[in-house]
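Reader: Hi! Could you walk me through this model?
Author: Happy to, here it is.

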Amino acid sequence: MKEIWARTTRTLWRLFALVLLCFIALQLYFVIRVAMMIVVDPQSTTFQRSEAWRLLTEKHEIAWSQKWASYDHIATPLKRAVIAAGSARYAVHRYCPHQGADLTEGWVEGGHLLVCPRHRWQFDLEKQGRCTLNSSSLCAERLPDNVEPLPGTVRKVEDQPQPLVALNTAS
Ligand code: FES
């Protein structure tokens with residue numbers, strides 16, 4: 001009986017050590033993967049891969065292609081967007097600092113809070129686009145009132161949950 005108990009205890013300790021080792025190895029993998037992004041560009045994101053898998057399983061095709069480009073090589077109009085909040089217009093980072101949702105698909109609440117369509121973070125356009133939950137920011141700049149955007153590039157959103165002000169891009 002004593003021997004069975006000792007063997008069981010030993011097995012449990014080995015199991016615990018194995019789980020701990022797996023946990024440490026996984027954390028190490030993440031650290032190395034993130035560190036490697038300094039020298040090796042990531043070719044896709046988890047979101048892109050999961051969307052590709054969803055399209056593949058649901059529609060049996062992937063109707064898009066992608067190619068990695070460093071931030072410096074992305075045209076400014078793709079990085080910035082103009083958001084109309086009431087009568088004011090703001091140039092902001094187009095993609096959410098949380099997980100990169102396209103903010104031109106969000107909406108404006110209360111006349112000055114730009115809401116991300118994915119997880120509903122809010123960015124105060126009157127406070128340089130600062131997030132109301134944390135210290136991230138869209139670097140919002142209010143555009144002069146006398147600057148008229150190109151016709152058809154701005155859709156004004158008066159207020160509350162109307163689908164956004166998806167506008168065009170700004171430099
Ligand atoms: S992607 Fe915008 S809040 Fe998550």
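Reader: Which residues have the most contacts inside the largest nonpolar core?
Author: They are Ile 83, Ala 85, Tyr 90, Val 92, Leu 103, Leu 114 and Leu 125, in a core of 19 residues. Here a nonpolar core means a set of buried Ala, Val, Leu, Ile, Met, Phe, Trp, Tyr and Cys residues joined through C-beta atoms within 7 Å. A residue is buried if 20 or more other C-beta atoms lie within 10 Å of its own, exposed if 12 or fewer, and partly exposed in between, with C-beta atoms placed from the backbone.

Reader: And which elements give two or more residues to this core?
Author: Strands E1 (80-85), E2 (88-93) and E3 (107-109) do. E1 provides the largest share, 5 residues. Helices (H or I, at least four residues) and strands (E, at least two) are DSSP runs, numbered from the N terminus.

Reader: Before I go on, is this predicted or experimental, and how are residues numbered?
Author: This is a predicted model, where local features need pLDDT of at least 70 and side-chain atom pairs count only at pLDDT 80 or more, while totals for chains, interfaces and linings use all residues. Residues are numbered from 1 along each chain as its sequence is written.

Reader: Thanks! What is Val 92 in contact with, leaving aside its neighbours within four places in sequence?
Author: Its contacts are Arg 80, Ala 81, Ile 83, Leu 103, Leu 114, Gly 129, Leu 138, Cys 139 and Ala 140. Two residues are in contact if their C-beta atoms, placed from the backbone, lie within 7 Å. Ala 81 is also the bridge partner of Val 92, which sits in E2.

Reader: Nice. How many bridges link E1 and E2?
Author: They pair in the antiparallel sense over 6 bridges; two strands count as paired if DSSP finds at least two bridges between them. The two form a hairpin with 2 residues between them, and Gly 86 in the turn has a positive phi of about 65°.

Reader: What's the strand order in the sheet with E1 and E2?
Author: The order is E1-E2-E7, an open sheet of 3 strands with antiparallel pairing. E1 and strand E7 (141-142) stand at the edges with a single partner strand each, so one side of each has no neighbour in the sheet. E2 and E7 are joined by 2 bridges, and Tyr 90 has Arg 142 in E7 as its bridge partner. Ala 91 stands opposite Glu 141 in E7.

Reader: Where does E3 go, then?
Author: Into an open sheet of 4 strands, ordered E3-E4-E5-E6, with antiparallel pairing. E3 and strand E6 (130-131) are the edge strands, each pairing on one side only. E6 is joined to strand E5 (residues 122-124) by 2 bridges, and Asp 124 has Arg 130 in E6 as its bridge partner.

Reader: Switching to helices: how far does H1 reach?
Author: H1 (residues 2-36) spans 51 Å from its first C-alpha to its last over 35 residues, close to the 51 Å expected at 1.5 Å a residue. That expected span is 1.5 Å times one less than the number of residues. H1 is hardly covered, with 0 of its 35 residues buried.

Reader: And is H2 buried or in the open?
Author: H2 has 0 buried residues out of 14, so it lies largely in the open.

Reader: Which non-glycine residues with positive phi should I look at?
Author: His 60, at about 60°, and Arg 120, at about 70°, are two to look at. His 60 lies in the loop between H2 and helix H3 (76-79), and counts as exposed with 7 C-beta neighbours inside 10 Å. Arg 120 lies in the loop between strand E4 (113-115) and E5, and is exposed too, with 11 other C-beta atoms within 10 Å.
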